Structure formats: C-alpha cells, structure tokens
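Colleague: I am new to this structure and would like a close look at one part of it, the loops that join its helices. Could you take me through them slowly, and then turn to the surface of the long helix that comes later?

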Amino acid sequence: MNCMNCGAFLTDRDLDYCPHCGANVLIQKKADYLSKLYYNQGLEKATIRDLSGAISCLKQSLAYDKRNIQARNLLGLVYFETGETVSALSEWVISKNLRRTKNLASEYIERLQQNQNRLDVINESIKQYNHALEMCREGHEDMAAIRLKRILNQNPKLIKGYHLLALIQMKNREWNKARRILKRAARIDKTNTTTLRFLREIDEQTGVTTRMEQKRGGIFGGNQEKDGSLGGEIVVRQAQPYRERSRVSLFFALAAGVVAGAAAFWLLVMPSIRQDIYREANEQIVNYSEALSSQTVELSKAQSEVEEYDSETAQISAQLTTANQSSQSYESLLLAYYYYRQSDLDSAALQIMNVYEDSLSDTAMAIYNVICEKTGVSGISGDEAEDSETEEEDSYEEDSESEEDSSYDDEYSGW
C-alpha cells in the first residue's frame, strides 16, 4: 500500500502516520483492511458457488479500494461464470489499465479473444436474450420461450435466460418444467434470490418440496460437498404428497398436448400462411392488371396510329386523284385548243368533254370558256366528277358480279 499524499510505500509496522511525509494514513489503512476482508469473503463464497454473495462482497471490496486488482479480477471471473461476459470484460479491462504488468486480467482477455467463435456465440446469445425480452413485453411468450431454449443451448451459463424462461413456464402453469429450469440455474448460482423466490412460488403452487441435488464444487473446481447454507434442500411447507401420473393419464396428456399443438398451429401459423398466400395472389392480380392496362394503352396507341396512317393515305389518294385529273384536263385542253385552231370543232368538242373545270387555272379557264362557246359543250364539273366516280365504282361491281355469274354458268355447263 502506498501513501495517498506522497506515494511512499507503507508497511504494517508503520504507525498511523506516513514515515516519509507525516500524513495521517489511519483511514487509508482501515479502508485497505476492509477491502481485503471483503475480498476474502467473496473468495470463500465463490468457492462454494455462492456467486450472488460473492458479487456483493467483491463490489463492497472495490468500494473501499478500487485498485484492489485481485478483487476486480475475481469479480470478472464471477461475472463470466454467471453469463455476464460484457461485465466481466469491463472489470478485466479496468484491471489491466490499473496494472499493465503481472496481471491475470491480461491472460483472461487474451484467452477469451483467442476463442473468437465462442465470443461471437456469447454476444449473439445476449442479443437474442434482449430480443426475447422484447417479445415477452409484446405478449409473444411462446416464441420467446423457443428462442430462450436455443439461447441456453448456446450459452448455458446465462442465469437471466433461465429466470425468464422459468417465468414464462410459470405463467403457463408448467410447474415441473419451470422447476427443472430453476434447478439448472441453481447449479450455477445456488443462492440467487430470484431463483430461490421462483422455487418457493413453485413449491407453494404444487405442494412439492424442491430438492437441490447438485455439485457443490466452486467455480475453481474442487470436491463435491454439501452446503450448510442450504441444508441440501429448500423446504417451504409440508403439503400432501405428489403422486406420479399413470401411463393412461400420461397417454391422454400426450394426446391432449398433440391436439393443443395442432390447434395452436392452426390458429397461430395458418393465418399467417393464408395472409402470405392472399398477399401473393393480390400482387399477381395487380401485376396482371398493370400489364393489361399497359397493353390496352399500347393497343389504343397503335389504333390511333393506324387511323392517322389511313387519313394520310386518303389525303395522298385524293391528292393523286386531283393531280391525275389536272394532268388529264390540261392534256385534253391542249388537244381541244389544237383542234380548235385547226377548225376541227368536233374533235375539239370531244376533247373538251374530258376536262375537269375545278382543276384549271384562271388562264386555262379563259381558253376553256372560249372553246366551250364555239363548240357548245362543256367539261366535267365537281359534282359530275363525283357522280362519274360513283358510276365507275358501280360499273366495276356489276362487271365483277357478271364475271362471277359467267364463271358459275361455265361451271354448270361443264356439269
């Protein structure tokens, strides 16, 4: 121990004053003495697996002397034994920072870091425990119990996991299962107040005395011995003896469990499966509807394009017809004018009858009018042109029909 004032080393032979600076170190010596005393008590409790009592004593030891390296290292070991890996690492890191050399905390940290897989499993189990706790708060105790069983298989020293699983089973009135879980927790920490309180509640509900038959060795090993603090068993009250069920009752209980499991599956799992199926069906319907609507839009777009192409074709056909009429009219007008100059009015009249009036320009119209006056005939007007086109179509249809009739007559004549 060093003096808090000057840092000089103090021995047990020194009086209440520092031999170097003369400061009063009586209180410091008493604090150091109490810290070592609580450390010894914590070591004894840890040896007999009284981990809760060991944690309390070691914390008190560190309260008197935070530089007690042995107490801090032992507290980390006890935390690690109860599944509190994070707390154990915190204590060892603090111890390593207080003493860099000749410190067992460095070896503990190194061993834990070398087994990276186990460290990952422990961290994952702690995360899963927190998730299971949230599921219990939300009312999903069945799913939380399944997850806690998986967690305890990965990290069998997590006492909080045993307590939460036993609490869920006690809520479901599964007293025997909860008793077995709490016995496993008691093998780790036999004086944990939460474990003992839950066991007492189970004993009161079932009327059965819980017998604690477990290994009495400490966390450092040792022989098995009985623990006087517990007396080998926990006796709450004397009640009527518990009778084992017969095979018939066990069979009916098993059948009832199977039926209850099937009912739970039907009520809990099937609705979610149906919802998934309905959701997938709705998504497919929506996809089909979207595809159909897109195809409808494309079809309407194609129809509008076809209509535009038809209108353009009609316009081009009209323009071609007008151009043909104009070319024919000018050609006939030139021939009529030629025959008119040759004084051949009959030939001029025949040519002037093929002229379309609407296709002539103003200059050509003057020549057309002169020839019409001399010959006494006129060309084709706009209405007459339409009638002629209609007549041509009708004549074309009649000719086609007559050709079909003649083909029919030829067939019948052949027969």
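Modeller: What follows goes through the loops and then the surface patches.

This is a predicted model, in which local features need pLDDT of at least 70 and side-chain atom pairs count only at pLDDT 80 or more, while totals for chains, interfaces and linings use all residues. Residues are numbered from 1 along each chain as its sequence is written, and side-chain values use heavy atoms, with hydrogens and water left out.

Arg-49 sits in the loop between helix 1 (26-47) and helix 2 (51-64), where helices are DSSP runs of H or I with at least four residues, numbered from the N terminus. With a relative accessibility of 13%, Arg-49 counts as buried; buried means under 20% relative accessible area, exposed over 50%, and partly exposed in between, with a 1.4 Å probe and protein chains only. Its phi is near 65°, a positive value in a residue other than glycine. Most residues other than glycine have a negative phi.

Arg-173 belongs to the loop between helix 8 (159-171) and helix 9, and has a positive phi of about 65° although it is not a glycine. Arg-173, however, counts as exposed, at 58% relative accessibility.

Asn-192 is found in the loop between helix 9 (175-188) and helix 10 (193-206), and is buried, with a relative accessible area of 13%. Its side chain makes a polar contact of 3.4 Å with the side chain of Ser-52, a polar contact being a pair of N or O atoms within 3.5 Å, of which, within protein, one must be able to donate a hydrogen and the other to accept it, and residues adjacent in sequence count only if both atoms are side-chain atoms. A polar atom of the Asn-192 side chain also lies 3.0 Å from the backbone nitrogen of Thr-194.

On the surface, Trp-266, placed in helix 11 (residues 247-341), is partly exposed, with a relative accessible area of 49%. Trp-266 is one of the residues of a nonpolar patch that also includes Phe-265, Leu-267 and Tyr-278, and the whole patch has about 840 Å² of accessible area. Patches are made of residues with over 30% relative accessible area and no salt bridge, nonpolar side chains being joined within 5 Å and like charges within 9 Å; a salt bridge is a side-chain nitrogen of Lys or Arg within 4 Å of a carboxyl oxygen of Asp or Glu.

Glu-312, also in helix 11, is partly exposed at 42% relative accessible area, and forms a negative surface patch with Glu-305, Glu-307, Glu-308 and Asp-310.

Terms used:
Areas by Shrake-Rupley, 256 points an atom, 1.4 Å probe, with all protein chains shown as cover. Helix = DSSP H or I, 4+ residues; strand = E, 2+ residues; numbered from the N terminus. Lys, Arg positive; Asp, Glu negative; His and termini not counted. Charge placed at Lys NZ, Arg CZ, Asp CG, Glu CD.
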